[in-house]
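The notes below are meant for a colleague who is opening this structure for the first time. They go point by point, and each is best read with the sequence and the structure side by side.

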Amino acid sequence: MKQKELYKTAIYCRLSLDDGSEGDSSSIHTQKMLLEKYCKDNGHEIYDYYIDDDYSGLNYNRPNFQRMLQDIENGKIDLVITKDLSRLGRDYIMTGYYTEIYFNEKGVRYIAVNDNIDTINDNNDIAPFKNILNDMYAKDISKKVKSAKRLRMHKGYYISCQPPYGYKVNPNDPNQLVIDKEVVDIVKLIFRLALNNNGVVKIVQELNKRGIDTPSIYKAKN
């Protein structure tokens, strides 16, 4: 691949739980600042930003990653820059496919700034090893997260994001749910109607007739 004087550059940033506790050093904001400075220092024209926040590096169906690929297919991009290889992805087979095969076939240069990887050069032998380590790291983090959640479940801790209608998070203990006294009579009404062989449609009609807010409206009000 021959070096060009001016590239149409895609800045790609990604962050998720499988990146562990890397903190602000890998935040989306920090990644953007680093890559913007790199483009400025090296005279690369930024075509667009592609940001996938809270998407695993083991998943390649990320919306902005796919949008970037589409722009590559349409000839809008000829340089992709990430902070490091793990930002592109953590599956060593798929990451290797994109960096060694796909980008090359499309005439796209790829740079991982902190890993000193640049596909225009021939000294990228370390890349496969870094990809394998990134893959192992992501899978190890995933196992630890699942194990921690399983332990909390066994202890009876509440681990979901939103409590179900009729409950709220205990203000004195975020690991527990307590009954929401404001709607406890409504929940009991729903159960009575169901026990009297009323289907979902009839229950909804009865609640609407009584002017009772839907769970989503109640949540928004509170």
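1. Lysine 221 is a convenient place to begin, although the model is a predicted one and the values below should be read with that in mind. With 59% relative accessibility, lysine 221 counts as exposed, because the cut-off for that class is over 50%. Its salt-bridge partner is aspartate 213, and the closest N and O atoms of the two are 2.8 Å apart. Aspartate 213 is itself partly exposed, at 28% relative accessibility.

2. Elsewhere, salt bridges with shared partners link Lys83, Asp84 and Arg87 into one network. Within this network, the side chains of lysine 83 and aspartate 84 meet at 3.1 Å, N to O. Lysine 83 has a relative accessible area of 10% and is buried, and aspartate 84, at 9% relative accessibility, also counts as buried; both classes follow because buried means under 20%.

3. How many salt bridges does a search of the whole structure find? The search finds 10 salt bridges, and one of them is formed by the side chains of aspartate 48 and arginine 67, at 3.0 Å from N to O. Aspartate 48 belongs to strand 2 (residues 45-53) and arginine 67 to helix 2 (residues 63-73), so this pair ties together parts that lie 19 residues apart in sequence. Aspartate 48 is partly exposed at 24% relative accessibility, and arginine 67 is partly exposed as well, with a relative accessible area of 32%.

4. The largest pocket deserves a separate look. It holds about 300 Å³ of space, and of the 13 residues that line it, those closest to its centre are Pro163, Tyr167, Asp180, Tyr218 and Lys219. Strand 6 (167-170) and helix 8 (215-221) each supply at least two residues of the lining, with helix 8 giving the most, namely 3 residues. By character, the lining divides into 6 nonpolar, 3 polar and 4 charged residues.

5. On the surface, Met153, Tyr157 and Ile159 form a nonpolar patch, and together they have about 270 Å² of accessible area. Isoleucine 159 is found in the loop between helix 5 (127-154) and strand 6. At 35% relative accessibility, isoleucine 159 counts as partly exposed.

Methods. Residues numbered from 1 in each chain as written. Predicted model: local features only at pLDDT ≥ 70, side-chain atom pairs only at ≥ 80, totals over all residues. Heavy atoms only, no water. 1 Å grid on protein atoms, 1.4 Å probe; cavity = no way out; pocket = protein on both sides within 12 Å on 5 of 7 lines; lining within 4 Å. Points joined across faces, edges and corners; volume = space filled by probe spheres on them. Helix = DSSP H or I, 4+ residues; strand = E, 2+ residues; numbered from the N terminus. Nonpolar A, V, L, I, M, F, W, Y, C, P; charged D, E, K, R; others polar. Patch = residues over 30% accessible without salt bridge, like charges linked within 9 Å, V, L, I, M, F, W, Y side chains within 5 Å. Areas by Shrake-Rupley, 256 points an atom, 1.4 Å probe, with all protein chains shown as cover. Salt bridge = Lys/Arg side-chain N within 4 Å of Asp/Glu carboxyl O. Buried < 20%, exposed > 50% of the residue type's maximum accessible area, 1.4 Å probe, protein only.
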